[in-house]
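Please open the model in the viewer and keep the sequence panel visible beside it. The tour below proceeds by selection, with a short account of what each selection shows.

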Amino acid sequence: MKKTICSLLGSVLVIPLMVGCPDRGRVYVRTYGPAESPYYSQWEGERHYQHMEYERRKQREQREYWKWRNQHRDHDRGHDRDRDRDRDRDHDHDHN
């Protein structure tokens, strides 16, 4: 009985970590894709690292990147807003 309760309690605590961390209505999952490129380049530059494809980096460096990335999450809002504004401006320009 004691083991069952501990297992259930452990599962309840671990599952949210596997799914992602909610932050201000968003869920962040560590997935590297094209949208990460500007941030990854900035991270490499700040660290004075020679450019290397993310997938070829050691796991330690990949974890270091995500730690840095989570600390710079607020920059996403401005980046996304600017990208959307530019897209809307270009769309309006094309149709005028």
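The stops below run from the overall fold to the helix packing, the core and then individual residues.

**The whole chain**

Begin with the entire protein in cartoon representation, bearing in mind that this is a predicted model. The protein contains 4 helices and 2 strands. Followed along the sequence, these elements appear in the pattern α-β-β-α-α-α. If the display is coloured by accessibility, the buried residues amount to 21% of the 96 residues in the protein. Contacts can also be sorted by sequence separation: among those between residues at least 6 apart in sequence, 43% join residues at least 24 apart.

**Helices α2 and α3**

Next, select residues 37-47, which form α2, together with residues 59-71, which form α3. How far apart are the axes of α2 and α3, and at what angle do they pack? The axes are 11 Å apart, and the angle is about 105 degrees. An angle from 65 to 115 degrees counts as roughly perpendicular, and α2 is therefore roughly perpendicular to α3.

Now show the side chains at this contact. From α2, display Tyr39, Tyr40, Gln42, Trp43, Glu46 and Arg47; from α3, display Glu61, Glu64, Tyr65, Trp68 and Arg69. By character, the residues of the contact of α2 with α3 divide into 5 nonpolar, 1 polar and 5 charged.

**The nonpolar core**

Keep those helices in view and select Tyr39, Tyr40, Trp43, Tyr54, Tyr65, Trp66 and Trp68. These 7 residues make up the largest nonpolar core. Both α2 and α3 supply at least two residues of this core.

Within the core, centre the view on Tyr65. Which residues does Tyr65 touch, apart from those up to four places away in sequence? They are Tyr32, Glu36, Tyr39, Tyr40, Trp43 and Tyr54.

**Tyr32**

From Tyr65, move to its contact partner Tyr32. Tyr32 lies in the loop between β2 (26-28) and α2. Its relative accessibility is 24%, so Tyr32 counts as partly exposed. Leaving out neighbours within four places in sequence, Tyr32 is in contact with Ser37, Tyr40, Tyr54, Glu55, Tyr65 and Trp66. A C-alpha distance drawn from Tyr32 to Tyr54 reads 7.9 Å, although the two are 22 residues apart along the chain.

**Gln62 and Glu44**

Select Gln62, which is in helix α3. Is Gln62 buried or exposed? With a relative accessible area of 18%, it falls under the 20% cut-off and Gln62 is therefore buried. The side chain of Gln62 reaches the backbone oxygen of Tyr54 at 3.0 Å. Apart from residues up to four places away in sequence, Gln62 touches Tyr54, Glu55 and Arg57.

Arg57 leads on to Glu44, since Arg57 is also among the residues that Glu44 touches. Glu44 is in helix α2. Although charged by type, Glu44 counts as buried, at 4% relative accessibility. Besides Arg57, the residues touched by Glu44 include Tyr49, Gln50, His51 and Met52, not counting those up to four places away in sequence.

**The loop between α2 and α3**

Two further selections, His48 and Glu53, are in the loop between α2 and α3. Select His48: its phi is near 60 degrees, a positive value in a residue other than glycine. His48 is exposed, with a relative accessible area of 74%.

Then select Glu53. This residue is partly exposed, at a relative accessible area of 47%. A C-alpha to C-alpha distance between Glu53 and Tyr40 gives 9.5 Å, for a pair 13 residues apart in sequence.

**Asn70**

Finish at Asn70, which is located in helix α3. Asn70 is partly exposed, with a relative accessible area of 32%. What does the side chain of Asn70 make a polar contact with? Its partner is the side chain of Arg73, at 3.0 Å. For a last distance, join the C-alpha atoms of Asn70 and Arg30: they are separated by 9.6 Å, while the residues are 40 apart along the chain.

Notes
Residues are numbered from 1 along each chain as its sequence is written. This is a predicted model: local features need pLDDT of at least 70, side-chain atom pairs count only at pLDDT 80 or more; totals for chains, interfaces and linings use all residues. Side-chain values use heavy atoms; hydrogens and water are left out. Buried means under 20% relative accessible area, exposed over 50%, partly exposed in between (1.4 Å probe, protein chains only). A polar contact is a pair of N or O atoms within 3.5 Å; within protein, one must be able to donate a hydrogen and the other to accept it, and residues adjacent in sequence count only if both atoms are side-chain atoms. A nonpolar core is a set of buried Ala, Val, Leu, Ile, Met, Phe, Trp, Tyr and Cys residues joined through side-chain atoms within 4.5 Å. Contact means heavy atoms within 4.5 Å. Axes are lines fitted to C-alpha atoms, for helices over the stretch in contact, and angles run from 0 to 180 degrees between N-to-C directions. Angles under 35 degrees count as roughly parallel, over 145 as roughly antiparallel, 65 to 115 as roughly perpendicular and the rest as oblique.
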